[in-house]
Amino acid sequence: MKIICVGRNYAAHAKELNNPIPSQPILFLKPDTAQLLDNSPLYYPNFTKELHYEVEVLLKICKNGKFIQPKFAPEYYREVSVGIDFTARDVQRRCKEKGHPWEIAKAWNHSAAIGQFIPKETAFDPSGQLQFSLKKNHKLVQEGNSKNMLTSFDALISYISQYFMLLRGDIIFTGTPKGVGPVDCGDQLEGFIGNQSLLKCAIK
Ligand code: MG
């Protein structure tokens, strides 16, 4: 499996890191070794002094496809969850300054915490929107709603599949809302869709 991540998909988040709002989705990949599953703890990597959380909605691909039209995109995911795109922000800053790729800041071992997947029908509210959030040490630190995405889930699946063939089991990280911030050893993170707790991660 592979993990496809979307950068700057919420205008307010692009702004908080002083980034321009992109005209097209920004994509990057994480390898399967980036997965952090089953509410396992994350061990603070020794190559960063600025480890950040980014809570995101995850889509799990259930059908192989490429060049998918947006109107058919809903057939390609049945389950959603929340995840954390752990980012070594100091390393990422250095990569960006030099125009280098981001992988050493974003795609390292266990940098993609993945929550428990639920059927998408149970995740959306009656208006068709999906509300998600992250708590750090029981305090709300990030809150997002799919209605504020610059590119919708269906349009993302379509766009991604123009470049990367989607295979059953692949996971899409659909971008983080504003409120990203640092974690320290001893912190407890908990991710939600609506009121459902789907992800726990302790930093060790
Ligand atoms: Mg992210």
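Glutamate 54 is buried in this predicted model. Its relative accessibility is 4%. The side chain of glutamate 54 meets that of arginine 89 in a salt bridge, with 2.8 Å from N to O. Arginine 89 is buried as well, at a relative accessible area of 5%. The two partners come from distant parts of the chain. Glutamate 54 sits in the loop between β4 (51-53) and β5 (55-61). Arginine 89 belongs to helix α2. In sequence, the two residues are 35 residues apart.

Side chains of opposite charge can pair when their charged atoms come close. The count for this structure comes to nine salt bridges. Another of these pairs aspartate 85 with lysine 30. Here the closest N and O atoms are 2.7 Å apart. Aspartate 85 lies in strand β6 (residues 77-85). Lysine 30 lies in strand β2 (residues 26-30). The pair therefore ties together parts that are 55 residues apart in sequence. Aspartate 85 has a relative accessible area of 1%, so this residue counts as buried. Lysine 30 has a value of 2% and is buried.

A further salt bridge joins glutamate 75 to lysine 63. The closest N and O atoms in this pair are 2.9 Å apart. Glutamate 75 and lysine 63 are both placed in the loop between β5 and β6, twelve residues apart. Glutamate 75 is partly exposed, with 42% relative accessibility. Lysine 63 is partly exposed too, with a relative accessible area of 32%. Some salt bridges share partners. Through them, Lys30, Glu54, Asp85, Arg89 and Lys106 are joined into one network.

Empty space inside the model was examined next. Rolling a probe the size of a water molecule over the atoms shows where empty space is left. The search gives one cavity of 30 Å³ or more. About 120 Å³ of space lies in the largest cavity. Its lining is made of 16 residues. Gly7, Arg8, His13, Glu54 and Lys106 are the lining residues nearest the centre. Glu54 and Lys106 also belong to the salt-bridge network.

Which elements supply at least two residues each of this lining? Strand β1 (3-7) and helix α2 (89-98) do so. The largest share comes from α2, with three residues. Helix α2 is also the element that holds arginine 89, the partner of glutamate 54. By class, the lining contains four nonpolar, six polar and six charged residues.

The cysteines were then checked for bonds. The whole structure contains zero disulfides. Why is there no bond between cysteine 185 and cysteine 201? A disulfide requires two cysteine sulfur atoms within 2.5 Å. The sulfur of cysteine 185 lies 12 Å from the closest cysteine sulfur, that of cysteine 201, which is too far for a bond. Cysteine 201 is accordingly in no disulfide. Are these two cysteines buried or exposed? Cysteine 185 counts as exposed, because its relative accessibility is 51% and the class begins over 50%. Cysteine 201 counts as buried, at 1% relative accessibility.

Note on methods:
Residues are numbered from 1 along each chain as its sequence is written. This is a predicted model: local features need pLDDT of at least 70, side-chain atom pairs count only at pLDDT 80 or more; totals for chains, interfaces and linings use all residues. Side-chain values use heavy atoms; hydrogens and water are left out. On a 1 Å grid over the protein atoms alone, a cavity is a set of points where a 1.4 Å probe fits but cannot get out, and a pocket is an open set with protein on both sides within 12 Å along at least five of seven lines; lining residues have an atom within 4 Å of a point. Grid points are joined across faces, edges and corners, and a volume is the space filled by probe spheres set on the points. Helices (H or I, at least four residues) and strands (E, at least two) are DSSP runs, numbered from the N terminus. Ala, Val, Leu, Ile, Met, Phe, Trp, Tyr, Cys and Pro count as nonpolar, Asp, Glu, Lys and Arg as charged, and the others, Gly among them, as polar. Buried means under 20% relative accessible area, exposed over 50%, partly exposed in between (1.4 Å probe, protein chains only). A salt bridge is a side-chain nitrogen of Lys or Arg within 4 Å of a carboxyl oxygen of Asp or Glu.
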